[in-house]
Amino acid sequence: MDNYIKTATEQFETLLREQVARTERMAELSKPVDYANLDTLVIGVCDGDGIGPIICREAVRVLEYLLKDKIAAGKVEIRRIEGLTLENRIAKEKSIPDDVLAAIKECHVLLKGPTTTPKGGTGAKELESANVALRRELDLFANVRPVCVPELGIDWTFYRENTEGEYVLGSRGVEIPDVLCCDFKVTTDLGTERIARAAYEFARNNGKKNISIVTKANIMKKTDGKFARICRQLAEKEYPELELEDWYIDIMAANLVNPAIRSKFEVFVLPNLYGDIITDEAAQIQGGVGTAGSANVGGRYAMFEAIHGSAPRMIEEGIGEYANPSSIFKAVEMLLRHVGYAAEAEKLSEAMKICTADDAKVKVTGDRDGATCAEFSDYLFATIQ
Ligand code: NAD
């Protein structure tokens, strides 16, 4: 027993030192890019697996259509990056092969198709999810998910902290066999401040006032207590116009399905695990896969993607061309807003509303009875004003 406790104590010291070192690198990585003053904005595109190449092909058509003048003037470059495929990742035994990561780091923002994560026990090396690896490598600290259901009065934007909490040391807990085990949760001052700032900047730039800080600070007193306190202090000092509310995660999970209260919420700031859970609940309220895009935003880099996976069964059944591109188009809209192309984003958003309405002329069902991905894009281009 003493030996286990001694080893665990030593491991704890190593973890603490690593985490302190991480916060020291954080300040440099968190500096935002001034997109307006770039000579050329480079948008990288990684197709991914399964239906990824099909929906990405259409997403690139949309980008090229909306940004044709900027591309012609050399203000924007769309750069295809090959090799973020399951086959290549298995061959190189890396969740992101080195040359692919280097190419991604040459871009400013990334549009990414879904990537398949090999299941354990298939004989393939146990590769980490490419997404988890990208979030870490590019320090994408904010997972941003808008959820909008106008007919229910819902217009929410979630800012989930993406690099800390239970996830950063999730596979490095300690165990005394047959007695107990212990995992670690990490909240840093800088990590909390940068997610809160990202959420508040969004609120300020988009005319939102209501901010919900969602934690379990009554139980997790150190980590969540600190998270809530730093969020509040930053707002009081630099964003006095915002109206902050503190909520516990359990009651917020209930609030989201309570029509009497949910329309007043606008922007949410959450630690990693609560954000993971509650954004899926919110996406379900909106209508599930296909209806939401996802942004993973850092200082230097930002990555945009559909929220669904690679749908391998659609490829096996030969119906990949019938995949619904709505979710990746939503991601394109988020990318455009992120880099400051609000007018182009608005055009896309308005056209998507028409093309996905109940009376739309072209419908994608995900099967042969519906339109193909390409037919849906053609309809979108005909609709864009
Ligand atoms: P999935 O999202 O790929 O599929 C779930 C269901 O939704 C399936 O029936 C699928 O056919 C359908 N579907 C998904 N996207 C669709 C689209 N655009 N149009 C029509 N139907 C669509 O989820 P899964 O089957 O759990 O995962 C498959 C693979 O994707 C796994 O390897 C998983 O790890 C990976 N994945 C990747 C990401 C990512 O890269 N961001 C996200 C989730 C899952």
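The following questions and answers concern the domains, salt bridges, pocket and cavity of a predicted model.

Q: What makes the chain one of two domains, and where do their bounds lie?
A: The domain assignment of the chain gives domain 1 (31–137 + 298–385) and domain 2 (141–290). Their centres, taken over C-alpha atoms, are separated by 25 Å. Eight residues from domain 1 and ten residues from domain 2 take part in the contact.

Q: What area do domain 1 and domain 2 bury between them, and which residues of domain 1 lose the most?
A: The two domains bury about 780 Å² between them, with 67% of it on carbon and sulfur atoms. On the side of domain 1, Arg-135, Ile-307 and Met-334 lose the most area to domain 2, together 58% of what that side buries.

Q: Why is the pair Glu-18 and Arg-172 called a salt bridge?
A: A salt bridge requires a side-chain nitrogen of Lys or Arg within 4 Å of a carboxyl oxygen of Asp or Glu. The side chains of Glu-18 and Arg-172 meet at 2.6 Å, N to O. The value lies within the cut-off of 4 Å, and therefore the pair counts as a salt bridge.

Q: What makes this pair a link between distant parts of the chain?
A: Glu-18 belongs to helix H1, whereas Arg-172 sits in the loop between strand E5 (154–161) and strand E6 (174–176), and the two residues are 154 residues apart.

Q: How many salt bridges does the structure hold, and how many are counted between domain 1 and domain 2?
A: The structure holds 33 salt bridges. Between domain 1 and domain 2 the count is zero.

Q: How do you know that the lining of the second largest pocket draws on both domain 1 and domain 2?
A: Each of the two domains supplies at least three residues of that lining. The pocket has a volume of about 1,000 Å³ and is lined by 43 residues, with Asn-131, Val-132, Arg-135, Arg-136 and Asn-162 nearest its centre. Among the elements that each supply at least two lining residues are helix H1 (2–29), helix H6 (130–137) and strand E4 (142–149). By class, the lining of this pocket has twelve nonpolar, 15 polar and 16 charged residues.

Q: Why is the largest cavity called a cavity and not a pocket?
A: A cavity is a set of points where a 1.4 Å probe fits but cannot get out, whereas a pocket is an open set. The structure holds one cavity of 30 Å³ or more, and about 50 Å³ of space lies in the largest cavity.

Q: Which residues line the largest cavity, and what are their classes?
A: Among the lining residues are Glu-161, Glu-164, Val-186, Phe-227 and Pro-271. The classes in this lining are three nonpolar, four polar and two charged residues.

Note on methods
Residues numbered from 1 in each chain as written. Predicted model: local features only at pLDDT ≥ 70, side-chain atom pairs only at ≥ 80, totals over all residues. Heavy atoms only, no water. 1 Å grid on protein atoms, 1.4 Å probe; cavity = no way out; pocket = protein on both sides within 12 Å on 5 of 7 lines; lining within 4 Å. Points joined across faces, edges and corners; volume = space filled by probe spheres on them. Helix = DSSP H or I, 4+ residues; strand = E, 2+ residues; numbered from the N terminus. Nonpolar A, V, L, I, M, F, W, Y, C, P; charged D, E, K, R; others polar. Domains from an automatic or database assignment. Contact = heavy atoms within 4.5 Å. Buried area = accessible area lost by both parts, 1.4 Å probe.
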